Amino acid sequence: MLLLFFMKVCMSVSGIIIIVLVLGFAGFFLSYARACAIVMQGTKMHSRPHYYGLWTFLLIIVPSLFFLFFWNIGSNIYTERRALTHIPYAAAGDIIHQHNLILSTIRNLVNRLPKHSSNMLNHQLNSYASLRDILGQKGVVLDVQGKNYMVPIVIEWVSGLKKLRQTGVIITFVLAIIGFLVGFSETKVKKRARNRVERVILLGLLVSSTLAILTTIAIVSSMLLQTISFFRAVPLSNFFLSTAWNPRFSVMTFDESIGEFGLIPLLVGTLYIAFVAMLFAVPIGLFSAVYTAEYATPRARDVIKPMLEILAGIPTIVYGFFALIVVGPFLRDLSAAIMGGNHAFIMAQSVLTAGLVMGIMLTPFVSSLSDDIITAVPRSLRDGSLGLGATQSETIKRVVLPAALPGIVAALLLTASRAIGETMIVVLAAGVTVNLTLNPFEAMTTITVKIVNQLTGDLEFNSPQTLVAFALGMTLFVLTLLMNVFALYIVRKYQERYE
Amino acid sequence: MSSELKIKMCGLDVKVSYGKKRALHGITLNILENKVTALIGPSGCGKSTFLRCLNRMNDTIEGALVTGKILLDEEDIYDSSVDVVELRARVGMVFQKPNPFPKSVYENVAYGPRIHGLAKSRVALNEIVEQSLVKAGLFSEVKDRLHDVGTSLSGGQQQRLCIARAIAVSPEVILMDEPCSALDPIATAKIEELIDDLRRNYTIAIVTHSMQQAARVSQFTAMFHLGNLVEVGTTDTIFTSPQERRTQDYITGRFG
């Protein structure tokens, strides 16, 4: 009984991973012990013992787990393809769309079958209703809409996948054993285990960095594809030059016009709010950075810096409802009070509200980055200035800040690109009305708000109304990318002015 | 010693501690007008600390505590009525490592006169800058590069630029903290020559690790050891017939 259970665990994917790992550790210790034994005899080995252990460990786990990973992905794809060929032609017609729908229904069914229950399903089971009954007894509720022809496909899918998985597990095990044998037998005086381990580590690091880059490329290119398909439906001039935003969700009316997707009011709103935010964040952030870097005693600095950094840890949604519930109404009431109680010239949702709260959010970024940059200015420059009889504020104004300026500018550009990409605060505090104005007391909307709007709720995925979100996202990406590149350029260019 | 010698600065029982660590144990030392006084001694003996007391640069160091009296023209510079800014304009400083500001050569020299409002006009400022560069022996080398960044000069030129920068505020005393330790022998020779010239108009105190340098440029030498003043006298006396065993040992290279 226990053996049976053990076998079962071994055959599962997580089981084999554990087994391979255990084997790996065993391999490590055996090779290590063997190498130690050789060293104890007084022979000098090429590498230190633990490198032999590590090499065996890597030989055991790397090939086998890689194989397991790709085998499982491959077998999923394979069974899915096979199931696709079994879908009766009559049911699907030749519309790919319909095909996909059926396939996803079947995939759902497969995923909802309880693990290990495939034994229960035998081939006599041929109606969808009986499948529902059996699974219903097990507490799995199925959709009523399934068709009878789906049942054999599901059963074959499940059992096919199971067979492939089992084969994979066995091959994985064999690979691990081979790795163990090779590694252990290679624990010899002249084998260069250290160099090999180092190379594997290098490779691992390389793979991680490539993976990050590839992910970026994948995200950008998928965004680019959707953007291109958006511009197939909507002319460039409509997007870049129009000042009207009216995406027209009424697809059902079969209206000829596709709606208006003017970027300009959104872009202006985005930049305006970011500008107002920077207007608040830059002076406050810079001055507090000057204080913490130049004036504060170490004790005060130890308190103030972490406090400011806590501000950076507050989720932006919290800032958002702070703006919505506290700041917005406060500004509105304040303006009403100024006007004598009858006319509030500041709206609750306004550029000012969003900018102010975003400014609070950005302050710690400005101060923390600037503080690092200011403290990096060499002490000798300060001494030189103080030694000439300059006061502390003269020294800061004329020597320290000019020396730190390129770094500070770069920090401000990074902060500005955050302001442009910020979403939650503007969604809640800036408003959704598209409005092209310069009055900071009115509501305006931003690119990010419109992306959220276009992608929430019921939507059809291939309409320009949805795809515009990708075009907007792309614009945002290009905007922040340019700012970051510019920031890097400035840093590089002026970096070596002091060493 | 002739009677015309005038005491420019005078330390009376100066004690300095950084936090709990005592760096100077009561130094009494005179700096004579229009003379070069060299402060020598092994590393960590307190000579730089003493020098930094002379224009209160120790104020900028966290936890530094100075007691005793330091007189400049018979006036205690640690007295609460003394303005540090004014003091540092009278007692300039040149540091161990050349530290020109990341500004042009001209702006580096004009910095001091500007903050102290010494020049009434643009022309007057140009005059001050030129005179300071001339006095620092740098003018002929940089007259075509006045608007290049100060850090683009060679190390020796940078140090002379720092000296010019100090001269530009017309100090009475110039303190030099190992001004040649980061320079090659040729640049060092030029600075030493310069120091000898400057002595005519300024009072100079210089910290140095080089016995030859002390012998070459100074008229008086003070030997420090472990935060104490071991011996002070004319440079000739100190180098030819020191009274103290420790001085003799240090000068001849037996310790330090």
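This is a guided tour of a predicted model with a chain A and a chain B, taken one selection at a time.

**Before you select anything**

The model as a whole scores ipTM 0.87 and pTM 0.75, and for chain B the mean pLDDT is 89, with 98% of its residues reaching 70 or more.

**Stop 1: chain A as a whole**

Select chain A and show it as a cartoon, where you should be able to find 18 helices and 2 strands. Chain A has 499 residues, of which 33% count as buried. If you consider the contacts in chain A between residues at least 6 apart in sequence, 74% of them join residues that are at least 24 apart.

**Stop 2: two crossing helices in chain A**

Next, select residues 263-295 of chain A, which form helix H10, together with residues 392-421, which form helix H15. The axes of these two helices come within 10 Å and cross at roughly 145°, and the crossing in which H10(A) passes H15(A) is right-handed. Show the side chains where they meet: on H10(A) the residues include Thr270(A), Ala274(A), Met278(A) and Glu294(A), while those on H15(A) include Gln392(A), Ile396(A), Leu412(A) and Ile420(A). Colouring this contact by residue class gives 11 nonpolar, 3 polar and 1 charged residues.

**Stop 3: Val399 of chain A**

Keep helix H15 of chain A on the screen and select Val399(A), which has its place in that helix. Is Val399(A) buried or exposed? Val399(A) is buried, because 23 other C-beta atoms lie within 10 Å, and 20 or more are enough for a residue to count as buried. Leaving aside neighbours within four places in sequence, Val399(A) is in contact with Leu381(A), Arg382(A) and Ser385(A), and also with Phe101(B) from the other chain. For a sense of scale, you can draw a distance from Val399(A) to Arg165(A): these two residues are 234 apart in sequence, and their C-alpha atoms are 68 Å apart in space.

**Stop 4: where chain A touches chain B**

The contact with Phe101(B) leads on to the boundary between the chains, so bring both chains into view and select the residues that touch across it. How many residues of chain A are in contact with chain B? There are 17 of them, and they are in contact with 25 residues of chain B. Helix H14 (379-387) and helix H15 (392-421) of chain A each supply at least two residues of the side that touches chain B, and H14(A) gives the most, with 6 residues. By class, this side of chain A divides into 9 nonpolar, 5 polar and 3 charged residues.

**Stop 5: the antiparallel sheet of chain B**

Now hide chain A and look in chain B for an open sheet of 4 strands, which lie in the order S2-S1-S4-S5 with antiparallel pairing. Its edge strands are S2 (21-32) and S5, each of which pairs on one side only. Strand S1 (residues 7-18) is joined to strand S4 (residues 64-72) by 8 bridges, and S1(B) pairs with S2(B) over 9 bridges. Lys15(B) is a useful residue to select here, with Thr67(B) as its bridge partner in S4(B) and His25(B) as its bridge partner in S2(B). From S4(B), move on to strand S5 (residues 75-76), which pairs with S4(B) in the antiparallel sense over 2 bridges; Leu71(B), for instance, has Asp76(B) as its bridge partner in S5(B). The hairpin of S4(B) and S5(B) has 2 residues between the strands, and in this hairpin Asp73(B) takes a positive phi near 50°.

**Stop 6: the mixed sheet of chain B**

For the last stop, select the open sheet of 6 strands in chain B, whose order is S6-S7-S8-S3-S9-S10 and whose pairing is mixed. The edge strands are S6 (91-94) and S10 (228-234), each pairing on one side only, and neighbouring strands are turned by 15° against each other on average, with direction ignored. Within this sheet, strand S3 (residues 36-40) and strand S8 (residues 203-207) of chain B pair in the parallel sense over 4 bridges, and Ala38(B) has Ile206(B) as its bridge partner in S8(B). Finally, add residues 155-167 of chain B, which form helix H6: this helix lies across S6 and strand S7 (173-177), running at about 170° to S6(B).

Methods: Residues numbered from 1 in each chain as written. Chains lettered and ligands numbered in written order. Predicted model: local features only at pLDDT ≥ 70, side-chain atom pairs only at ≥ 80, totals over all residues. Contact = placed C-beta atoms within 7 Å. Nonpolar A, V, L, I, M, F, W, Y, C, P; charged D, E, K, R; others polar. Axes fitted to C-alpha atoms, helices over the stretch in contact; angles between N-to-C directions. Left-handed = near helix turned anticlockwise from the far one by under 90°. pLDDT = per-residue confidence, 0-100. Buried ≥ 20, exposed ≤ 12 C-beta atoms within 10 Å, placed from the backbone. Pairing = 2+ DSSP bridges.
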